[in-house]
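Colleague: I would like to learn how to read a model of this kind, beginning with the overall fold and then moving to particular helices and side chains. Could you take me through it step by step?

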Number of protein chains: 2
Amino acid sequence: MPRSVSRLVPKVPAVPGAGRRQQFSASTKRTLLDVAEGLFTEHGYAATSLDAVVAGAEVTKGALYHHFNGKAALFEAVFERVEQDATRSISQALKGRKDPWEKAQAGLRQFLEVVQEPRYRRIVIQDGPAVLGYERYREQEERSTFGTVVEIVRAVAGVGEWDLDEEMLHTFARIFFGAMSAAGASVATAAEPDVAAWRVEAAIGFIISGFQAMADAEVVPPWLAEDD
Amino acid sequence: MPRSVSRLVPKVPAVPGAGRRQQFSASTKRTLLDVAEGLFTEHGYAATSLDAVVAGAEVTKGALYHHFNGKAALFEAVFERVEQDATRSISQALKGRKDPWEKAQAGLRQFLEVVQEPRYRRIVIQDGPAVLGYERYREQEERSTFGTVVEIVRAVAGVGEWDLDEEMLHTFARIFFGAMSAAGASVATAAEPDVAAWRVEAAIGFIISGFQAMADAEVVPPWLAEDD
DNA sequence: CTGAGTACGTACCCACGGTACGGTGGCGTA
DNA sequence: TACGCCACCGTACCGTGGGTACGTACTCAG
C-alpha cells in the first residue's frame with residue numbers, strides 16, 4: 001500500500017519570480033524523503049522497494065535517480081535528516097542548563113525519548129550500521145548525537161577535575177553512548193517504557209554517583225594497580 | 001572469487017558402518033556454513049549472493065535450500081555458530097576465577113579480544129540486527145554473550161551487597177553490555193587496537209571503581225534525591 | 001526567439017532470491 | 001538379495017527489484 005503524499009504540481013505558479021522550477025524540484029525531493037522515511041521505518045531498508053517509494057511520491061524512478069545516486073544514497077539522506085532532528089531535540093533540552101550534571105540528566109532523558117521514536121530505532125539503530133557500513137555510520141554519529149555526548153562528558157569531567165586527555169575522553173563518551181543506546185533500546189522494547197526509562201535513569205545515575213564518590217574518596221582503580 | 005572448501009565426496013566410504021549418508025549430508029552442511037561465514041564476513045550479508053556460496057561449497061542451490069529455508073536462515077545459522085564460539089571463548093576465560101571483580105576483568109578482556117574478530121564484528125554487530133530484526137537478535141544475545149554478562153553483574157552485585165531486584169540487575173547488565181559493545185567496536189576500528197583496548201579497560205575499571213567507592217562511602221545518587 | 005540544461009518519464013537489462021521438479025543412491029525391510 | 005522409499009542434491013525456470021540508457025518537456029538566460 002504505497003502511501004501518496006501531497007506534492008507541488010507545476011500547474012499554477014505558487015510564488016512567481018525567482019525560480020519556480022527549483023521549488024518544484026525541492027518539493028519532489030522532500031516528498032521522496034518523506035515517503036522513504038515512512039516506508040523505511042515501517043518495513044525496513046531491505047523490504048522497501050524503490051517502486052513503492054516512487055509510487056508513494058507519485059513520481060517515477062527517473063525522478064528518484066535524478067535526486068539520489070541510488071537506494072543507499074536515499075537511505076543516507078533520510079538517515080541524516082532523522083539524526084539531525086534527534087540532535088536538535090536533544091540540544092533543545094540542554095538549553096538554559098548550567099550545571100553539567102543537570103545537563104547530563106536532561107540530555108539522557110531527552111535521548112531516552114528520542115530512542116523511542118520508531119523511525120530512530122529502525123533507521124538509525126537497526127538498519128544504519130548494516131546499510132551505511134560501520135565506517136560511514138560512525139562518521140554520521142560523530143557529527144550529530146555522539147557529538148553531543150562528547151560535549152556533556154567533557155563538561156562533567158571538567159567538574160570532576162579529572163585530568164583526562166582527549167583520547168580518554170572520547171573513550172568514555174563512546175562507552176556512555178553505547179550504554180545509552182543499549183539502554184534506550186531496552187526502554188523502547190520494554191512492556192512498560194516509562195518504568196524501564198526510570199530504571200535506566202536510576203542505573204546511569206548510580207554509575208555517575210560512583211564517579212562523584214570516587215572523586216571524593218580519591219581511590220585508585222584496583223585493576224590498574226598491577227600496571228606493568 | 002568463490003572460495004572452494006574441501007568437502008567429503010561420496011566416492012569411497014570414509015568411515016564404514018553407522019550412516020555414511022548422514023556423514024556426507026553433515027559435511028556439505030558444514031561446508032555451506034563455513035563458506036557462508038567467510039563470505040558474510042568479507043562482503044557482508046547483502047553483498048553476498050547465494051550463487052557465490054554454493055559455488056564456494058561446490059554444490060548447487062538445491063543442496064542449500066535442502067538444508068536451510070532461505071538466505072536469512074543460512075545467516076542465522078552462521079550467526080548462532082559465531083556467537084556460540086564467542087560465548088565458549090569468554091566462558092573459558094572465566095574458568096578458575098573466584099573473585100567476582102577478577103571475573104569481570106577477565107570477561108571484559110576476553111570480550112575485547114572476541115570483538116576484534118572480523119566475523120564477530122561484521123556478522124553479529126553490524127549485520128545481525130538488520131538481518132534478524134531486533135526481536136530475534138536480542139533473543140540470540142540473551143542466551144549467549146549477554147547471558148554471561150548478566151552472570152558477572154550478578155556476582156559483582158552480590159559482593160557489593162546492593163539489593164538490586166532482577167529487573168534492575170538486567171538493566172545494569174544491558175547498560176554494561178552496550179558499553180562493552182561500543183567500546184569493543186571502537187577498539188576494533190582503532191588505529192592501535194592494543195592502546196585502545198587498554199583505554200577501554202582503564203575506563204571501565206574507572207567506572208567499576210566508582211561502584212566500590214560508592215559502596216564504601218554509602219553516598220546517595222544525586223539526581224535520585226529529588227524523587228517525586 | 002532560441003539554444004541549453006534541468007527535471008523528470010519510459011523502456012529495458014540482468015543479477016539474485018526463491019521454487020518446482022527430476023533423479024540417484026544409500027538404507028531399511030522382507 | 002531384491003526392492004521400494006526417502007533423504008539428498010541437481011536442473012531449469014520465474015518474478016522481483018535495483019540500476020541504466022535515453023527520450024522529452026519545460027524553464028530560463030541571452
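Modeller: Let us begin with the fold, keeping in mind that this is a predicted model. Among contacts in chain A between residues at least 6 apart in sequence, 69% link residues that are at least 24 apart. Of the 228 residues in chain A, 50% count as buried.

Colleague: Which secondary structure elements does chain A have, and in what order do they run from the N terminus?

Modeller: Chain A has nine helices and zero strands, so that the order from the N terminus on reads α-α-α-α-α-α-α-α-α.

Colleague: How do the axes of helix α6 of chain A and helix α6 of chain B cross?

Modeller: One looks at how closely the axes approach and at the angle between them. The axes of α6 (residues 118-142) of chain A and α6 (residues 118-142) of chain B come within 8 Å, and they cross at roughly 135 degrees. Angles over 145 degrees would count as roughly antiparallel and those from 65 to 115 as roughly perpendicular, and α6(A) and α6(B) are therefore oblique to each other. The crossing of α6(A) past α6(B) is left-handed.

Colleague: Which residues meet where α6(A) and α6(B) are in contact?

Modeller: From α6(A) come A:I125, A:Q126, A:D127, A:P129, A:A130, A:G133 and A:Y134, and these meet B:I125, B:Q126, B:D127, B:P129, B:A130, B:G133 and B:Y134 of α6(B). By class, the contact between α6(A) and α6(B) comprises eight nonpolar, four polar and two charged residues.

Colleague: Turning to single side chains, is A:Q140 buried or exposed?

Modeller: The relative accessibility is compared with a cut-off, and buried means under 20%. A:Q140, which lies in helix α6 of chain A, has 7% relative accessibility and therefore counts as buried. The side chain of A:Q140 is joined to that of A:E80 by a polar contact of 3.1 Å. Apart from neighbours within four places in sequence, A:Q140 is in contact with A:E76, A:F79, A:E80, A:E83 and A:L132.

Colleague: And what does B:R174 touch, not counting residues up to four places away in sequence?

Modeller: B:R174, found in helix α8 (residues 166-189) of chain B, touches A:A182 and A:S186 of chain A, as well as B:R138, B:E141, B:E142 and B:F146 of chain B. The side chains of B:R174 and B:E141 are joined by a polar contact of 3.3 Å. With 7% relative accessibility, B:R174 counts as buried.

Conventions. Residues are numbered from 1 along each chain as its sequence is written. Chains are lettered from A and ligands numbered from 1 in the order in which they are written. This is a predicted model: local features need pLDDT of at least 70, side-chain atom pairs count only at pLDDT 80 or more; totals for chains, interfaces and linings use all residues. Side-chain values use heavy atoms; hydrogens and water are left out. Axes are lines fitted to C-alpha atoms, for helices over the stretch in contact, and angles run from 0 to 180 degrees between N-to-C directions. Helices (H or I, at least four residues) and strands (E, at least two) are DSSP runs, numbered from the N terminus. Angles under 35 degrees count as roughly parallel, over 145 as roughly antiparallel, 65 to 115 as roughly perpendicular and the rest as oblique. A crossing is left-handed if the near helix is turned anticlockwise from the far one by less than a right angle, and right-handed if clockwise. Contact means heavy atoms within 4.5 Å. Ala, Val, Leu, Ile, Met, Phe, Trp, Tyr, Cys and Pro count as nonpolar, Asp, Glu, Lys and Arg as charged, and the others, Gly among them, as polar. Buried means under 20% relative accessible area, exposed over 50%, partly exposed in between (1.4 Å probe, protein chains only). A polar contact is a pair of N or O atoms within 3.5 Å; within protein, one must be able to donate a hydrogen and the other to accept it, and residues adjacent in sequence count only if both atoms are side-chain atoms.
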